[in-house]
Amino acid sequence: MSLRELVKEELALSKDYSFKWLSEYVDNADISDRIGVIHVLANSREMTPAFRMQVAKVSARLTCVARWFQIPIEPNAHTILSKIYLIPCPDKRMAPDAIDAPISENDINGGFTYIRRSGKAPIIIVFRMEEFPKVLLHEMLHHSFLQSRMDPWQMDQIAELKRAFGITADMDLLPQEGVIETWAEVLQCFFVSEELGVPMETLLAEEKSNANRMARELLDRQKKLTGGLWHETTNAYAYIVFRSIFLNSLEEFMTLETPDQYTALLLKNAGLVNAHTSQRGSIRAGDNALALRMTRFGDF
Ligand SMILES: [Zn+2]
């Protein structure tokens with residue numbers, strides 16, 4: 001089976017990700033190649049020598065992460081390192097213009113992964129150029145003990161988080177996504193720091209300020225909704241608001257392991273994050289554009 005056929009089959013199985021822009025890109029992609037552990041399906045416009053070098057660098061990082069986080073790496077068909085696919089679409093992450101339109105997968109997600117599935121191997125597909133090095137780290141961490149020790153997250157704790165943060169009762173809330181995203185960003189800063197010789201604290205401080213700005217923008221948006229109640233069809237709230245709380249308590253966050261502990265940290269900060277936010281409105285009147293790019297250094 002060609003790489004294109006395989007990718008199309010996987011995308012078709014995952015109906016949430018059958019975006020028009022993505023299927024068009026896959027149809028027009030004229031290069032398929034393997035660079036390190038990453039299979040790339042791309043348009044030749046994206047396949048520059050600099051891009052190839054970058055993919056090779058990211059491949060080496062993924063191999064390190066697999067070792068550090070005890071993700072199986074034996075060279076056989078059923079380990080995640082043999083099933084990593086990158087489709088570098090140029091489409092950017094943007095929130096819908098209408099303030100009451102829920103943020104969807106199409107607006108923010110950059111990839112997806114299956115950890116376990118019956119009869120098929122686990123797989124990672126990353127389908128945006130924007131921030132692909134960080135997104136690959138995020139998807140890898142779903143295969144690590146960070147993820148397995150968070151499952152299951154008790155329903156009563158989810159309900160408590162929804163009440164504290166003003167989220168509709170019927171929305172799927174996965175706080176795990178905020179935990180995985182925060183760890184992915186810490187690792188991304190670590191690699192960039194090691195490779196470029198920039199202090200990690202400098203990079204993390206920049207990411208924290210970016211995360212706080214995004215959280216303020218999202219919470220401003222939430223305030224304008226009926227009853228201030230948030231609803232979405234993806235994990236934007238966990239990616240943005242919960243991540244901001246975690247980055248603001250990073251030392252404590254990095255010692256936590258269980259859903260109980262993460263829930264306690266989030267609840268302790270629920271009031272603080274709202275008070276902090278009410279100090280300024282960062283979305284100007286008549287301007288609802290909200291870029292959903294997650295990081296400053298996620299492309300490095
Ligand atoms: Zn995720």
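A nonpolar core is a set of buried Ala, Val, Leu, Ile, Met, Phe, Trp, Tyr and Cys residues joined through C-beta atoms within 7 Å. In this predicted model, the largest such core has 73 residues, and a good place to begin is to select Ile87 and Val241, the two that touch the most other members. Then extend the selection to helix H10, residues 236–248, which supplies the largest share of this core with 10 residues.

Before going further, colour the chain by confidence: the average pLDDT is 90, and 92% of the residues score at least 70. The stretch to set aside is residues 278–287, over which pLDDT stays under 50 and for which the model has nine contacts beyond four places in sequence.

Next, select residues 31–42 to bring up the hairpin, in which strand E1 (residues 31–35) runs antiparallel to strand E2 (residues 38–42) and is joined to it by five bridges. Ile35 has its bridge partner in E2, namely Ile38, and two residues lie between the strands, with Gly36 taking a positive phi near 60°.

From there, turn to backbone geometry. Most residues other than glycine have a negative phi, and most peptide bonds are trans. Gln70, in the loop between helix H3 (49–68) and strand E3 (84–86), has a positive phi of about 55° although it is not a glycine. Glu131, in the loop between strand E5 (123–126) and helix H5 (132–141), likewise has a positive phi, near 60°, without being a glycine.

Which of these two is buried and which is exposed? Gln70 counts as exposed because its C-beta has 11 others within 10 Å, where the cut-off for exposure is 12 or fewer. Glu131, by contrast, counts as buried because 25 other C-beta atoms lie within 10 Å, the cut-off for burial being 20 or more.

Now move to the peptide bond between Asp151 and Pro152, which is cis, with omega at about -5°. Pro152 can be found in the loop between helix H6 (145–148) and helix H7 (155–165).

Finish at Lys224, in the loop between helix H9 (200–223) and H10, the helix already selected for its share of the core. Lys224 is classed as exposed because 12 other C-beta atoms lie within 10 Å, a count that still meets the limit of 12 or fewer. Adding Ile99 to the selection shows a pair 125 residues apart in sequence whose C-alpha atoms are 7.7 Å apart in space.

Definitions and conventions:
Residues are numbered from 1 along each chain as its sequence is written. This is a predicted model: local features need pLDDT of at least 70, side-chain atom pairs count only at pLDDT 80 or more; totals for chains, interfaces and linings use all residues. pLDDT is the predictor's confidence in each residue, from 0 to 100. Two residues are in contact if their C-beta atoms, placed from the backbone, lie within 7 Å. Helices (H or I, at least four residues) and strands (E, at least two) are DSSP runs, numbered from the N terminus. Two strands pair if DSSP finds at least two bridges between them.
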